[in-house]
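Here are my notes for a first look at this entry. Please keep the 3D view open while reading.

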Amino acid sequence: MKIGIIGAGNIGGNLTRRLTALGHDVAVANSRGPETLRELAEETGATPVRAEEAAEGAQVVVVTVPLKAVPLLPDGLLDGAAEGAAVIDTGNYYPQRDGRIAAIEDEGLTESRWTEQHLGRPVIKAFNGTYAQDILDRPRPAGDPDRLALPVAGDDEAAKRTVRALIEELGFDTVDAGGITDSWRQQPGSPVYGLRAGVEAVRKALAEASPERPADFRA
């Protein structure tokens, strides 16, 4: 597939490494410009581009930037994506880093719903509680007892199927975590956040989550 990755930090960089290794056509962008991505491009064969170009023709777009940077992304960022493209949101709200976001804290929006509103497109929430190094080190074949499972939330069922298939290709099982309204179950501080476990343990952790935001993740 043609995949655009916006954000080349730990998650974005390691997804670039794995997805190119699997044969996908990856364009990667960051906030500092394509010339700063030369080493990653040489290592992986990905195409470094400006953020405005990353989604062009992409069937999957990964937005993996700090939440405070989401409103600063270029207008029309996703306009050039392929019809029906799946947009993956890996973001988390950390008020110590992002500043206080009233819509999340006071109005009760889930982090990904807030991101959707800024992007103007539905998103699929995935990888937000995944250790970046695990993307490189922990892939396992289907059926392996040590294969990890990742929760995936979203309202667009077709896009969610695309994302789950891609994650499974990367070497991880997936668990349907419901819609974006339910995605508080995998936000920071929830039982599933950072959990390294299989399908049944991930399902149990999602079921045990509380909608109340933990004190450590409030401003």
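**Notes on the fold**

1. Start just past helix α7. Gly171 follows α7, and its phi is positive, near 110°. Keep in mind that this is a predicted model.

2. Now the helix itself. Helix α7 covers residues 157-170. Its 14 residues should span 20 Å at 1.5 Å a residue. The end C-alpha atoms of α7 are 20 Å apart, so the expected span and the model agree.

3. Next, the buried residues of α7. They are Ala159, Lys160, Val163, Leu166, Ile167 and Leu170. They cover an arc of only 125° around the axis, so they sit on the same side of α7. Note that Lys160 is among the buried residues.

4. The other end of α7 has a cap. Asp156 caps the N-terminal end. One of its side-chain oxygens lies 3.1 Å from the backbone nitrogen of Ala158.

5. Turn to the sheet. It is open and has 8 strands. Their order is β3-β2-β1-β4-β5-β6-β7-β8, and the pairing is mixed. Which strands are at the edges? They are β3 (47-48) and β8 (173-176), each pairing on one side only.

6. Look at the β3 edge. Strand β2 (residues 25-29) pairs with β3 in the parallel sense, over 2 bridges. Val28 has Pro48 of β3 as its bridge partner. In general, strands of a sheet pair through backbone hydrogen bonds, either parallel or antiparallel.

7. Two helices can be placed against these strands. Helix α7 lies across β1, β4, β5 (86-89), β6 (124-125), β7 (149-154) and β8. It runs at about 155° to β8. Helix α1 lies across β1 (2-6), β2 and β4 (60-63). It runs at about 165° to β1.

8. Within α1 (residues 10-21), check Asn14. Is Asn14 buried or exposed? Its relative accessible area is 7%, which is under the 20% cut-off, so Asn14 is buried. Beyond residues up to four places away in sequence, Asn14 touches Gly9, Ala132, Gln133, Ile135 and Leu136.

9. Finish in a loop. Thr130 sits between β6 and α6 (132-137). Its relative accessible area is 15%, so Thr130 also counts as buried, the cut-off being under 20%. Leaving aside neighbours within four places in sequence, Thr130 is in contact with Ile11, Ile135 and Leu150. Ile135 is thus one of the contacts of Thr130, and Asn14 touches Ile135 too.

Terms used. Residues numbered from 1 in each chain as written. Predicted model: local features only at pLDDT ≥ 70, side-chain atom pairs only at ≥ 80, totals over all residues. Heavy atoms only, no water. Helix = DSSP H or I, 4+ residues; strand = E, 2+ residues; numbered from the N terminus. Buried < 20%, exposed > 50% of the residue type's maximum accessible area, 1.4 Å probe, protein only. Contact = heavy atoms within 4.5 Å. Expected span 1.5 Å × (residues − 1). Arc of directions from axis to C-beta. Polar contact = N/O pair within 3.5 Å; in protein donor to acceptor, adjacent residues only side chain to side chain. Pairing = 2+ DSSP bridges. Axes fitted to C-alpha atoms, helices over the stretch in contact; angles between N-to-C directions.
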